[in-house]
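Trainee: Could you take me through one part of this model closely? I would like to see how the acidic side chains in the sheet strands are placed, and then how that part sits in the whole.

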Amino acid sequence: MTVTLGGAVSELTYPEVGATRGGSLPAGYHHLRHRCALPPGSFPVAAEAVLSWRLHRAAGVRMRTDAVRAAPGVRVTPGPGVGPLRVWGPCEVVWVVDDEREAGFGYGTLPGHPERGEEAFLVRRDADGAVSFEVTAFSRPDRWFMTAAGPAGRAVQHGYARWLAHTLRRLVR
């Protein structure tokens with residue numbers, strides 16, 4: 001298995017770098033785990049969609065980056081939303097896995113992001129060939145408007161994870 005951790009850790013806005021890869025999410029943050037099944041045999045297409053930003057772009061997220069694929073240390077600024085409601089949040093990829101069973105990455109927030117934490121997008125293929133997609137995150141508000149959003153902000157984050165899963169299922173069909 002190839003797992004690469006890296007990045008300019010000193011600029012990340014939280015100390016628990018890589019926790020989305022380790023499985024145990026840190027206390028003091030809101031946690032998100034969303035998992036869905038993908039069609040059998042879809043692993044190669046799903047893996048490439050996740051690692052190449054295609055999933056995010058197909059879901060309507062603008063991705064500001066010079067990199068064609070996720071790699072440790074790559075800076076990316078996702079912009080989910082529409083028009084004036086688009087919220088930009090600078091991130092840095094902190095880990096990547098890309099092998100025959102798992103493919104995906106986690107990125108952490110940089111200064112200027114509306115939250116502090118990490119989010120990961122991972123495609124898995126188990127020993128029986130079943131394929132799944134998982135979004136894992138831990139975060140807490142870092143801007144007044146995210147604090148003011150309260151539970152509504154967390155509901156949007158959960159809806160976003162479900163939308164990504166729906167989009168990936170569409171892409172792999």
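Mentor: Start with E119, which is buried, with a relative accessible area of 12%. Keep in mind that this is a predicted model. E119 belongs to strand β7, residues 115-125. Leaving aside residues up to four places away in sequence, E119 touches T20, F105, G106, Y107, V135, T136, A137 and Y160. Set that list against the elements. Strand β6 covers residues 102-109, and F105, G106 and Y107 are among the residues that E119 touches. Strand β8 covers residues 131-141, and V135, T136 and A137 are also touched by E119. Helix α1 covers residues 19-22, and T20 is another contact of E119. One more reference point is S24. The C-alpha atoms of S24 and E119 are 13 Å apart, with their positions 95 residues apart along the chain.

Now move to the neighbour in sequence. E118 is also found in strand β7. E118 is buried, at a relative accessible area of 2%. Its C-alpha atom and that of F138 are separated by 5.7 Å, although the two residues are 20 apart along the chain. F138 falls within the range of strand β8, residues 131-141.

Next, the charge pairs. Side chains of opposite charge can pair when their charged atoms come close. The count for this model comes to 8 salt bridges. Take E102 as the entry point. E102 and R21 meet through their side chains in a salt bridge of 2.8 Å, N to O. E102 lies in strand β6 and R21 in helix α1, so this pair ties together parts that are 81 residues apart in sequence. E102 is buried, with a relative accessible area of 10%. R21 is partly exposed, at 22%.

E102 has a second partner. Its side chain meets that of R124 in a salt bridge, again given as 2.8 Å, N to O. Here the link runs from strand β6 to strand β7, so parts 22 residues apart in sequence are tied together. R124 is partly exposed, with a relative accessible area of 26%.

R124 then leads on to E134. The side chains of E134 and R124 form a salt bridge of 3.1 Å, N to O. E134 lies in strand β8 and R124 in strand β7, so the pair ties together parts 10 residues apart in sequence. E134 is buried, with a relative accessible area of 14%. Put the pairs together. R21, E102, R124 and E134 form one network, joined by salt bridges that share partners.

Step across to another spot with an unusual backbone. Most residues other than glycine have a negative phi, and most peptide bonds are trans. W53 is not a glycine, yet its phi is positive, about 75°. W53 comes just after helix α2. Its place is the loop between α2 and α3, the latter spanning residues 54-58. W53 counts as buried, at 0% relative accessibility. The helix before it, α2, runs over residues 43-51. F43, A46, A47, A49, V50 and L51 of that helix are buried.

Finally, the whole chain. It holds 4 helices and 8 strands. From the N terminus on, their order is β-α-β-α-α-β-β-β-β-β-β-α. The radius of gyration is 15 Å, close to the 16 Å of the globule rule for 173 residues, so the chain is as compact as a globular protein of that length. Along the principal axes, the C-alpha atoms fill a box of roughly 45 × 30 × 30 Å. Of the 173 residues, 47% count as buried. Take contacts between residues at least 6 apart in sequence: 58% of these join residues at least 24 apart. The accessible surface is about 8,300 Å², and 56% of it belongs to carbon and sulfur atoms. As for charge, there are 21 positive and 16 negative side chains, and the centres of the two sets lie 8 Å apart.

Methods. Residues are numbered from 1 along each chain as its sequence is written. This is a predicted model: local features need pLDDT of at least 70, side-chain atom pairs count only at pLDDT 80 or more; totals for chains, interfaces and linings use all residues. Side-chain values use heavy atoms; hydrogens and water are left out. Helices (H or I, at least four residues) and strands (E, at least two) are DSSP runs, numbered from the N terminus. The radius of gyration is taken over C-alpha atoms; the globule rule is 2.2 Å times the number of residues to the power 0.38. Buried means under 20% relative accessible area, exposed over 50%, partly exposed in between (1.4 Å probe, protein chains only). Contact means heavy atoms within 4.5 Å. Accessible areas come from the Shrake-Rupley method with a 1.4 Å probe; for residues, only the protein chains shown count as cover. Lys and Arg count as positive and Asp and Glu as negative; His and the chain ends are not counted. The place of a charge is taken as NZ of Lys, CZ of Arg, CG of Asp or CD of Glu. A salt bridge is a side-chain nitrogen of Lys or Arg within 4 Å of a carboxyl oxygen of Asp or Glu.
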